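The following note is offered to a colleague who is meeting this structure for the first time. Its points are numbered so that each may be checked against the model on display.

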Amino acid sequence: MSKGGTRARQQSSIHKMADYFEFFTNFIVDYYGGTQSDFGVSHLSVSVMRDYERWLLEYRYEDKAKIVKSLSPQTVGIRYNAIRQFLRWCRSETRFELNPTIDLNRTVARLRHHKIQPRDPLSISQLALVRSACLQEIRSTVALLKRVQDIKIDNSISVPPANAPMTAYKDIKTAIKTIFVAYGGLIIAGEQLKKERPGLERAMRHYYSTDDVTAYLYFNRRMIAPFVIMIAMDTFFNATTVLSLKWSDIREDHVFFGERRWVVGGEKPRAGKRQERSFASGLTDLSSPVRLLLILREYNNTVYKRLPASQNDYVFAYESKTRYAATFLHDGNRLNNKHWPGTLQEFCDRHKGIESFGLSGLRKSGAEITYFLSGGDMLAVRDVMNHSSVNTAYTHYSSDGSRKLALEALARAMEWRERYLASGGKSDARNPVHMGGPRSAATLGFNCLEPAYSPVVGQEEGKACSAYGYCPACPLSWVDLNDPVALVRLRQLRQRIVEARSEVAPQRWLVEWAPQLKALNEGWFPKFNAHVEAEADSMLLPSLPTLD
């Protein structure tokens, strides 16, 4: 760790403590009157500390939108504990006379059992708005960068001589071409530019701003933001992992798929574990993560070359307002909380309808999507989020909606278990990968509109139907006609019905199984197309149980 980085953090801590003390002295003036100099450590008492606690909890302020808000529980705790820690130090120093009755182990009463609530995942509509806004900005950025490439090779744009007047650079294209030819695409310091090309220096103050020119040459924080958000949406990585993404952690060949897929990875800082995602390469759509990375590598080279040695491997680099290359990190390994939150908030403010969110909210959205797509499988969520335990996934990455889905999944599993027992093991929904086909109906290959309200004689209302083999003629059943697995299952059922002709009483077969065979032959099989039939011909699935 560099000395400069340590010094910067020390200065940051000093500024924070100064802020905390200023807050406390404002309370003293507000509550007790007089001036701050009238109050010393010896004047502090139990009642003063209780009053400060009450004052923090009742404190109100206006945000940028002029909305009156209160301090968050975390902020109240931080500000109260800062004074408490200071008083603990005072008690250890003989030069201070601190009231011995003050309990320095006491925390804010209302926060003793406070549980930090994680951010909710973004709704589907919010995710769609965010993604659309990102793509809109990325298209504009790419169009701008392509214009720059055209300017560089446009022979009709000539570079004026060094002593050319300001009017020679009236067209911003001329300024950009000059910066590339004369300075390799770098905007040099103002004083140096004033000496070497005074006309260009004046033009950048008179006709357009330095920021206008910079937008053509480098990615700034505004331009890089949608790239960060899109990668975060597609990887579900932690915020630190996304912002500290390195080029050396990106492999352009997959162990199984080779160059057809890229592998994007990074470290989970607190867990010390690596997480990876793979994405298809060769796609030209701007929503493709690989395409976004290629754009950054192609057009952001100038910024990468100007980064400090400790940070020149990071993917998300940009030109800062003070004209130096930067990342969203401190010393190459810690998040710079001063820059990224503001950048993200500016992105939200630019687009109507997008509510404030964080990268942690996108990660939680990924967990939510995985949960719903997997039908409530917490093991799938654990694996996608790269958690060490299911408990972490359930406690921190599940919303009220997903917990409700979990209870429904448990109830459904109990119903399937009961149906499995009632059917003597013939209606088995425990292993869909091995068995193949949907699981809502009593017979594999079929789905059911109302499995708990079967019209089949002998079934009990409110319980999952266990009438194995009776689905073909049931008015509540339906089949996915595009699924070759379903067709294989229906063929297997037909074979079992034919076999049952010689195994059950003739009269019973005519009453119970003949209608099912007719429904298969005349109702279901004619509906499958030739393509599905060809796929089904090449499939081999485990046999269905025999009929009773």
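1. Domain bounds, as used in this note, come from an automatic or database domain assignment. On that basis, domain 2 spans 157-217 and domain 3 spans 221-357, and each of them supplies at least three residues to the lining of the second largest pocket. The model under discussion is a predicted one.

2. Overall composition. The chain has 548 residues, and 44% of them count as buried. Its secondary structure comprises 21 helices and 11 strands. If one takes the contacts between residues at least 6 apart in sequence, 60% join residues at least 24 apart.

3. The second largest pocket. This pocket holds about 580 Å³ of space. Its lining consists of 20 residues, and those nearest the centre are Ala 215, Asn 220, Arg 221, Arg 222 and Met 223. Sorted by class, the lining contains 10 charged, seven polar and three nonpolar residues.

4. Which helices each supply at least two residues of that lining? They are α4 (124-153), α8 (210-217), α9 (221-235) and α13 (340-350). The greatest contribution is that of α4, which gives five residues.

5. Ala 128, a residue of α4. Ala 128 belongs to helix α4 and is partly exposed, its relative accessible area being 46%. In sequence, Ala 128 stands 226 residues from Ile 354, yet their C-alpha atoms are 9.7 Å apart in space.

6. Leu 362 and its surroundings. Helix α14 (residues 359-373) contains Leu 362. Is this residue buried or exposed? Leu 362 counts as buried because its relative accessibility is 1%, where the cut-off for buried is under 20%. Beyond its neighbours within four places in sequence, Leu 362 is in contact with Leu 122, Leu 127, Ile 229, Ala 232, Met 233, Phe 236 and Phe 357. One of these partners, Met 233, is 129 residues away in sequence, with a C-alpha to C-alpha distance of 5.8 Å.

7. Phe 236, another contact of Leu 362. Phe 236 occupies the loop between α9 and α10 (239-243). The reader should note its backbone: phi is positive, about 60°, although Phe 236 is not a glycine. With a relative accessible area of 16%, Phe 236 is buried.

8. Helix α7. In α7 (residues 198-206), the buried residues are Gly 199, Leu 200, Glu 201, Ala 203 and Met 204. They pack against three helices, namely α5 (172-183), α6 (190-196) and α8. Of these, α8 has already appeared as a contributor to the lining of the second largest pocket.

9. Helix α15. Met 378, Ala 380, Val 381 and Met 385 are buried in α15 (residues 378-385). Why do they lie on the same side of α15? The reason is that they cover an arc of only 155° around the axis. As background, an α-helix has 3.6 residues a turn, so residues three or four places apart point the same way. Immediately after α15 comes Asn 386, which has a positive phi near 60°.

10. Ala 409. This residue is part of helix α17 (residues 400-422). Ala 409 has a relative accessibility of 17% and therefore counts as buried, the limit being under 20%. Between Ala 409 and Asp 377 there are 8.8 Å in space, C-alpha to C-alpha, and the two are 32 residues apart in sequence.

11. Ser 466. The loop between β10 (447-448) and β11 (477-478) contains Ser 466. Ser 466 is buried, with a relative accessible area of 15%. Apart from neighbours within four places in sequence, its contacts are Arg 419, Ala 422, Ser 423, Ser 427, Ala 442 and Gln 459.

12. Enclosed space. How many cavities of 30 Å³ or more does a search of the whole structure find? There are two. The largest cavity has about 100 Å³ of space. It is lined by 14 residues, and Cys 448, Ser 454, Cys 465, Cys 471 and Cys 474 are the closest to its centre. The lining of this cavity divides into 10 nonpolar residues, three polar and one charged, whereas that of the second largest pocket has three nonpolar and 10 charged residues.

Note on methods. Residues are numbered from 1 along each chain as its sequence is written. This is a predicted model: local features need pLDDT of at least 70, side-chain atom pairs count only at pLDDT 80 or more; totals for chains, interfaces and linings use all residues. Side-chain values use heavy atoms; hydrogens and water are left out. On a 1 Å grid over the protein atoms alone, a cavity is a set of points where a 1.4 Å probe fits but cannot get out, and a pocket is an open set with protein on both sides within 12 Å along at least five of seven lines; lining residues have an atom within 4 Å of a point. Grid points are joined across faces, edges and corners, and a volume is the space filled by probe spheres set on the points. Helices (H or I, at least four residues) and strands (E, at least two) are DSSP runs, numbered from the N terminus. Ala, Val, Leu, Ile, Met, Phe, Trp, Tyr, Cys and Pro count as nonpolar, Asp, Glu, Lys and Arg as charged, and the others, Gly among them, as polar. Buried means under 20% relative accessible area, exposed over 50%, partly exposed in between (1.4 Å probe, protein chains only). Contact means heavy atoms within 4.5 Å. The arc is that of the directions from the helix axis to the C-beta atoms.
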